[in-house]
Amino acid sequence: MDAETIRNLIETGLPGARADVQGDDGVHFEATVVCDAFAGKMPLARHRMVYATLGDLMGGAIHALALKTVTSAEAGR
């Protein structure tokens, strides 16, 4: 697994989202996801939205994914 693939999956699964994904070892990643669909949602709900875009890869090809999830207003964009 690579960071670019994860970025594409997140951005495809959350229309309008922008994701910055880092991770060099192929199994541990961290991502900042900016998406206005997060508005009004608690952090756990936001994380679940991102995990849903990755499906069965979570816990398999992706061992760990540290997330920062914000709206564009929260990101200052």
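## Nonpolar core

The largest nonpolar core has 17 residues, and those with the most contacts inside it are Ile 10, Leu 14, Val 21, Val 33, Val 50 and Leu 65. Helix H1 (3-13), S1, S2, H2 and strand S3 (64-70) each supply at least two residues of this core. A nonpolar core is here a set of buried Ala, Val, Leu, Ile, Met, Phe, Trp, Tyr and Cys residues joined through side-chain atoms within 4.5 Å; buried means under 20% relative accessible area, exposed over 50%, and partly exposed in between, with a 1.4 Å probe and protein chains only. In soluble globular proteins, nonpolar side chains tend to be buried together.

Not counting residues up to four places away in sequence, Val 50 touches Ile 10, Leu 14, Val 33, Phe 38, Leu 65, Leu 67 and Thr 69, where contact means heavy atoms within 4.5 Å.

## Basis of the model

The model is predicted: local features need pLDDT of at least 70, side-chain atom pairs count only at pLDDT 80 or more, and totals for chains, interfaces and linings use all residues. Residues are numbered from 1 along each chain as its sequence is written, and side-chain values use heavy atoms, with hydrogens and water left out.

## Overall architecture

The protein chain contains 3 helices and 3 strands, in the order α-β-β-α-β-α from the N terminus. Helices (H or I, at least four residues) and strands (E, at least two) are DSSP runs, numbered from the N terminus. The C-alpha atoms fill a box of roughly 30 × 20 × 20 Å along the principal axes.

The radius of gyration of the protein chain is 12 Å, which agrees with the value near 11 Å for a compact globule of 77 residues; this radius is taken over C-alpha atoms, and the globule rule is 2.2 Å times the number of residues to the power 0.38. Buried residues make up 32% of the 77 residues. Among contacts with a separation of 6 or more, 54% join residues 24 or more positions apart.

## Strand pairing

Strands S1 (residues 18-22) and S2 (residues 28-34) pair in the antiparallel sense over 5 bridges, whereas S2 and S3 pair in the parallel sense over 7 bridges. Two strands pair if DSSP finds at least two bridges between them. Between S1 and S2, Arg 18 has Val 34 as its bridge partner, and Gln 22 has Glu 30. Between S2 and S3, the partner of Thr 32 is Lys 68.

The hairpin of S1 and S2 has 5 residues between the strands, and Gly 26 takes a positive phi near 85° there. In S1, Ala 19 and Val 21 form the covered face, while Arg 18, Asp 20 and Gln 22 form the uncovered one. In a regular strand the side chains alternate between the two faces of the sheet.

## Selected residues

Thr 69 belongs to strand S3 and counts as buried because its relative accessibility is 9%. Beyond its neighbours within four places in sequence, Thr 69 is in contact with Val 33, Phe 38, Arg 46, His 47, Val 50 and Glu 74. His 47, in helix H2 (residues 43-54), is in contact with Leu 67 and Thr 69 when neighbours within four places in sequence are left aside.

Ser 72 is found in helix H3 (residues 72-75) and is buried, with a relative accessible area of 17%. The side chain of Ser 72 makes a polar contact of 2.6 Å with the side chain of Asp 36. A polar contact is a pair of N or O atoms within 3.5 Å; within protein, one must be able to donate a hydrogen and the other to accept it, and residues adjacent in sequence count only if both atoms are side-chain atoms.
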